[in-house]
Amino acid sequence: MLIPKKNRREVYKYLFKEGVLQAEKDFNLPKHPELESVPNLQVIKLMQSFKSQELVTERFAWRHYYWFLTDKGIDYLREYLNLPDEIVPATLKKSTRPLERGPPRAERSGPPRRFGGEEGGRDGGRDGYRGAGRGFGGDKAGGDKAGAPGGYQPQFGGGRGGGAPPS
């Protein structure tokens, strides 16, 4: 497909700046949402070409294409756009804001964690969740609460099937 150099350059600049590009799978869309002067079809076809050259990796989900620039693609675009080595895509830049971490475990306030907390143990402290007092065996308290009442006698229809009324 013939794509004007102006549109090609705009797509390449955006891809290099962000490091990722997305497009809806709508070939008739008059313009791409992020690149207003470029038709969506041209963006998809350029990225299809990049994918065949292994300059991007492609993911497709819910009628949207997602392209991620590879190292080979970064080198190609850097050469095509005449950019110095110091300029890198946004996906490779380190975050300037510090990571927010919570206080250490010993200083945490609030209730203990449900599973795998300070109780530890082989089962991850799940005894309270599973109701230790209502066990099925005779060694635990409350064994009478497990199961059907003593007078319950189930009766089965003898395999007639289909829900036929008894005859």
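Visitor: Hi! Which residue forms a salt bridge with Glu58?

Guide: Lys51 does, and the closest N and O atoms of the two are 3.5 Å apart. Keep in mind that this is a predicted model.

Visitor: Thanks. Is Lys51 buried or exposed?

Guide: In between: Lys51 has a relative accessible area of 41%, so it counts as partly exposed. Glu58 is also partly exposed, because its relative accessibility is 29%.

Visitor: How many salt bridges are there in the whole structure?

Guide: A search finds three. Another one joins the side chains of Glu24 and Arg63, at 3.9 Å from N to O. That pair links distant parts of the chain, with Glu24 in strand β1 (residues 20-24) and Arg63 in the loop between β2 and β3, 39 residues apart. There is also a salt bridge between the side chains of Glu18 and Lys17, at 3.8 Å from N to O.

Visitor: And how accessible are Glu24 and Glu18?

Guide: Glu24 has a relative accessible area of 26%, so it is partly exposed. Glu18 is partly exposed because its value is 27%.

Visitor: Back to Arg63 for a second. What is its phi?

Guide: Phi of Arg63 is near 60 degrees, a positive value in a residue other than glycine. Most residues other than glycine have a negative phi. Trp62 has a positive phi too, near 50 degrees.

Visitor: Where is Trp62 found?

Guide: Trp62 sits in the loop between β2 (56-61) and β3 (64-69), and Arg63 is in the loop between β2 and β3 as well. Trp62 has a relative accessible area of 80%, so it is exposed. Arg63 is partly exposed because its value is 49%.

Visitor: Can we zoom out? In what order do the elements run?

Guide: Sure. From the N terminus on, the order is α-β-α-β-β-α-α, which comes to four helices and three strands. The protein chain has 167 residues, and 22% of them count as buried.

Visitor: New topic: aromatics. How many aromatic pairs are there?

Guide: The count comes to six aromatic pairs. In one of them, the ring centres of Tyr12 and Tyr80 are 5.0 Å apart and the planes are at 80 degrees, so the pair is edge-to-face. Tyr12 lies in helix α1 (residues 5-18) and Tyr80 in helix α3, so this pair ties together parts that are 68 residues apart in sequence.

Visitor: Are those two rings' residues buried or exposed?

Guide: Tyr12 counts as buried because its relative accessibility is 3%. Tyr80 is partly exposed, at 26%.

Visitor: What about the pair formed by Phe60 and Tyr65?

Guide: That aromatic pair is tilted, with 4.9 Å from centre to centre and 55 degrees between the planes. Phe60 is partly exposed, at 44% relative accessibility, whereas Tyr65 is buried, with a relative accessible area of 13%.

Visitor: Which residues form an aromatic cluster?

Guide: Tyr12, Phe50, Tyr76 and Tyr80 form one.

Visitor: Last one, about the surface. Which residues form the negative patch?

Guide: Asp71, Asp75, Glu79, Asp85 and Glu86 form a negative surface patch. Glu79 is in helix α3 (residues 71-80).

Visitor: Why does Glu79 count as exposed?

Guide: Because its relative accessibility is 63%, and exposed means over 50%.

Terms used: Residues are numbered from 1 along each chain as its sequence is written. This is a predicted model: local features need pLDDT of at least 70, side-chain atom pairs count only at pLDDT 80 or more; totals for chains, interfaces and linings use all residues. Side-chain values use heavy atoms; hydrogens and water are left out. Patches are made of residues with over 30% relative accessible area and no salt bridge: like charges are joined within 9 Å, nonpolar side chains (Val, Leu, Ile, Met, Phe, Trp, Tyr) within 5 Å. Accessible areas come from the Shrake-Rupley method with a 1.4 Å probe; for residues, only the protein chains shown count as cover. A salt bridge is a side-chain nitrogen of Lys or Arg within 4 Å of a carboxyl oxygen of Asp or Glu. Lys and Arg count as positive and Asp and Glu as negative; His and the chain ends are not counted. The place of a charge is taken as NZ of Lys, CZ of Arg, CG of Asp or CD of Glu. Helices (H or I, at least four residues) and strands (E, at least two) are DSSP runs, numbered from the N terminus. Buried means under 20% relative accessible area, exposed over 50%, partly exposed in between (1.4 Å probe, protein chains only). Rings of Phe, Tyr and Trp (its six-membered ring) pair if their centres lie within 6.5 Å; planes under 30 degrees apart count as stacked, over 60 as edge-to-face and the rest as tilted.
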